[in-house]
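Please open the model in your viewer and keep the sequence panel beside it. The tour moves from one selection to the next and says what is found at each stop.

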Amino acid sequence: MALNEYTVGKAKIILVQGDITEMDTDVIVNAANSSLMGGGGVDGAIHRKGGPKILEECKRIRAIEWPEGLPTGKAVITTGGNLKAKHVIHTVGPVWHGGDKGEPELLAEAYRNSLKLAVSKGLKTISFPSISTGAYRYPIEQACKIALTTVKAFLEEEDKIDKVVFVLFTKHDLEVYKDVANEILKLIT
Ligand code: AR6
């Protein structure tokens, strides 16, 4: 029995507790900042384990495409370097300023643009962290609803993604995601 697996059309959404740098999906998503130069949290972990090739590509992307930094809600792709995942999609979630500064739409954009980029590169399996809910302080209950509803809506429109994994760092975060998923998704039993 698959406990934390859900279906949307032909695709699966899977919830796991763990470290996203260990995932062997085609691509993992980084909760980056606009500089694309690395940082703490999941961003730091990805650069540490993935090695210098990721930062080299981020620097090239900054120089060529986004000299003033990657805007919130946008996404770019690099190699996965030494990671199991061949690629990393870097997106920037919103900093939480109370919820009335466009945060919900920007967070949804971060998920949507990451998925669109994966599809445009022919990637079929993707892992997400819980974007914005660490250093950027987005309340997890609210961020989780946006994450799951946005991914669900995307998968209903687009059948080129086979699997989306949400990799939650703590048991509490996993429980929050499970509660919302059980409300809005179809559980595989
Ligand atoms: N695997 C999965 N999830 C993780 C991991 C990991 N290895 N490490 C942390 N998390 P955060 P943000 C969880 O702060 O809020 C960085 O400095 C963490 O527990 O990584 O979008 C960037 O450079 C939390 O639930 O990202 C930016 O400056 C979630 O990942 C800023 O933080 C997101 O926490 C972005 O802040």
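How many aromatic pairs does the structure hold? In this predicted model, there are five aromatic pairs.

Begin by selecting Trp96 and Tyr138, whose ring centres lie 4.6 Å apart with their planes at 55°; because planes under 30 degrees apart count as stacked and those over 60 as edge-to-face, this pair is tilted. Widen the view to take in the backbone on either side, where Trp96 sits in the loop between strand S5 (87-92) and helix H3 (103-120), while Tyr138 belongs to the loop between strand S6 (125-128) and helix H4 (140-157). The pair therefore ties together parts that are 42 residues apart in sequence, and both Trp96 and Tyr138 are buried.

Next, select Tyr111 and Phe128, a tilted aromatic pair with 4.9 Å from centre to centre and 50° between the planes. This pair also links distant parts of the chain, since Tyr111 is in helix H3 and Phe128 in strand S6, 17 residues apart. Both Tyr111 and Phe128 are buried. Add Phe166 and Tyr177 to the selection, and the view then holds one aromatic cluster formed by Tyr111, Phe128, Phe166 and Tyr177.

Keep Tyr111 displayed and move to Thr150, which is placed in helix H4. Is Thr150 buried or exposed? Its relative accessibility is 7%, so Thr150 counts as buried. Which residues does Thr150 touch, not counting those up to four places away in sequence? They are Ala108, Tyr111 and Arg112, so end the tour by displaying these side by side with Thr150.

Terms used
Residues are numbered from 1 along each chain as its sequence is written. This is a predicted model: local features need pLDDT of at least 70, side-chain atom pairs count only at pLDDT 80 or more; totals for chains, interfaces and linings use all residues. Side-chain values use heavy atoms; hydrogens and water are left out. Rings of Phe, Tyr and Trp (its six-membered ring) pair if their centres lie within 6.5 Å; planes under 30 degrees apart count as stacked, over 60 as edge-to-face and the rest as tilted. Helices (H or I, at least four residues) and strands (E, at least two) are DSSP runs, numbered from the N terminus. Buried means under 20% relative accessible area, exposed over 50%, partly exposed in between (1.4 Å probe, protein chains only). Contact means heavy atoms within 4.5 Å.
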